[in-house]
Amino acid sequence: MTVMHTNTLPTATDLRDRVRVALQAIGADARLEAPNQPGLPAGSPISGNVLFTVPEHTAADTEEAIAAAAAAFLDWRTTPAPVRGALVARLGELLTEHKSDLATLVTVEAGKITSEALGEVQEMIDICQFAVGLSRQLYGKTIASERPGHRLMETWHPVGVVGVITAFNFPVAVWAWNTAIALVCGDTVVWKPSELTPLTAIACQALIERACADVGAPPEVSRLVQGGREIGEKLVDDPRVALVSATGSVRMGREVGPRVAARFGKALLELGGNNAAIVTPSADLDLAVRAIVFSAAGTAGQRCTTLRRVIAHTSIAEELCRRVAAAYASLPIGDPSTEGNLVGPLIHARAYRDMVGALEAARADGGEVIGGHRHDVGDEGAYYVSPALVRMPAQTEVVHHETFAPILYVLTYEDLDSAIELNNAVPQGLSSAIFTTDIREAERFMAADGSDCGIANVNIGTSGAEIGGAFGGEKQTGGGRESGSDSWKAYMRRATNTVNYSGELPLAQGVRFG
Ligand code: UN1
């Protein structure tokens, strides 16, 4: 039986108090009006209520924010990178100090369980540390010149204003990935968070403004604009926004990419995933089951890295399904702020409707569904579901779609080639994994004819990447890379410099001219 803590759901009044306490501790001077006032509704999927109304920005406010960030860029770009790093170091300290306050807000607005909300803030702290190190590591290459007395090299310069558009499911970490790196690179930032998570955004903005004040940096280096589509469009279309870094749906990316390209801006897209794990006959099944359950049911299936497909060898498929189903049945579902609960709510009614629709389509295709019901919590607006395990006879149309809910399709395979084919047969290409103790299978999975995803893991799940690696994926995932490794290059422009220190003027390619 699924354990459900329905009787312990906090009330809207309770949630409002938690928000006020957290914002006050953070020092955010937020104008919180009652629900139904003009402005942006700030709600919680925990109870399904609107808690407050917060100020909404207009297109004119966005215009002003872009202008301010563009003006601040003129000085910021020549501020030495390690000095810029000091700002990010201070932000990291403030995040450490307010880790639990910010995590409280993440739980209230995004419905993440406390441990995952704390993990998300830790991800912010980690990227700040990475960016501070990077502020002394922005390097260019020196390349052998074909001409005597010449030096050929590359230098990297900031691009300008970075427009950051983020999604509800990582309401703070993805802002931090972009902002920490952009700021050390010498760019300035204008952030449009999800309309579903305005409170966490207010908190982050308060912290970055305090960090700016503490180190003497201008607050215009990082601005926040809250609102809907109109604001996002302004960032996408304004030629002063040199780079648009957008996280969200494939549908959103399909609009953003071409519009930014039409004005020759740069876009960094991190869109949908449809992540699979291949489980081979040699897999350590205990480990695989634990990894699968975290990746598929964690965050109530609402990560872009969530495991959505298991491709199991026929010899172990029954056993694997039995074990995953048993683990699912014992998952505590309920108030994400209650210690012990592992699955919180879906973000809203539409997410639930999408889940129901996908499960209906799967059944129509011959899928056998275990779980996937809504729990009655006595409140129409909150959507708690048990994660669904769906045994599919084939990878039909519905499996090719990303449904942002805890649905795990199980497919089977006979030989590794066809498993890899199934892994790659979907339009998205974010994350993937193989569970095997056979080194040949592991290497094959990561080779050029293996997984086509941006992330290909061995013996760990598809979600929960560390910040040190580059994060992003191929195909409809959009091709962008954020976070670690050399992702910083997306936030900078490259100049190739050839310096002639000889007294001659030899031309390249042996050309003679006069
Ligand atoms: C996302 O869901 O948009 O790898 C980001 C992970 C996290 C980031 C997910 N570190 O699951």
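Which residues are around the ligand? Select the ligand in this predicted model and display its surroundings: Glu-123, Asn-169, Phe-170, Trp-177, Glu-270, Arg-303, Cys-304, Thr-305, Ser-463, Gly-464, Ala-465 and Phe-471. Coloured by class, this shell shows 5 nonpolar, 4 polar and 3 charged residues.

Next, pick out the polar contacts. Start with Glu-123, where a polar side-chain atom lies 2.9 Å from a nitrogen atom of the ligand. Move to Arg-303: an N or O atom in its side chain is 2.8 Å from an oxygen atom of the ligand. Then select Gly-464, which places a backbone N or O atom 2.8 Å from an oxygen atom of the ligand. Now switch on the surface; the ligand taken alone exposes 320 Å², and the protein buries 99% of that.

Zoom out and colour by domain. Domain 1 covers 40–271 + 478–495, and domain 2 covers 275–458. Their centres, taken over C-alpha atoms, are separated by 30 Å. The ligand lies between domain 1 and domain 2, because both give residues to the shell around it.

Now select the interface between the domains. On the domain 1 side, 20 residues are in contact with 24 residues of domain 2. The two domains bury about 1,700 Å² between them, with 60% of it on carbon and sulfur atoms. Across this interface there are 5 residue pairs in polar contact, both residues at pLDDT 80 or more. The count of salt bridges between domain 1 and domain 2 is 1.

Finally, return to Arg-303 and add Glu-116. Their side chains meet in a salt bridge, 2.9 Å from N to O. Keep the ligand displayed here, since the side chain of Arg-303 also has an N or O atom 2.8 Å from a ligand oxygen atom.

Technical notes: Residues are numbered from 1 along each chain as its sequence is written. This is a predicted model: local features need pLDDT of at least 70, side-chain atom pairs count only at pLDDT 80 or more; totals for chains, interfaces and linings use all residues. Side-chain values use heavy atoms; hydrogens and water are left out. A residue is near a molecule or strand if one of its heavy atoms lies within 4 Å of it. A polar contact is a pair of N or O atoms within 3.5 Å; within protein, one must be able to donate a hydrogen and the other to accept it, and residues adjacent in sequence count only if both atoms are side-chain atoms. Accessible areas come from the Shrake-Rupley method with a 1.4 Å probe; for residues, only the protein chains shown count as cover. Ala, Val, Leu, Ile, Met, Phe, Trp, Tyr, Cys and Pro count as nonpolar, Asp, Glu, Lys and Arg as charged, and the others, Gly among them, as polar. Domain bounds come from an automatic or database domain assignment. Contact means heavy atoms within 4.5 Å. Buried area is the accessible area (1.4 Å probe) that two parts lose on being put together, summed over both. A salt bridge is a side-chain nitrogen of Lys or Arg within 4 Å of a carboxyl oxygen of Asp or Glu.
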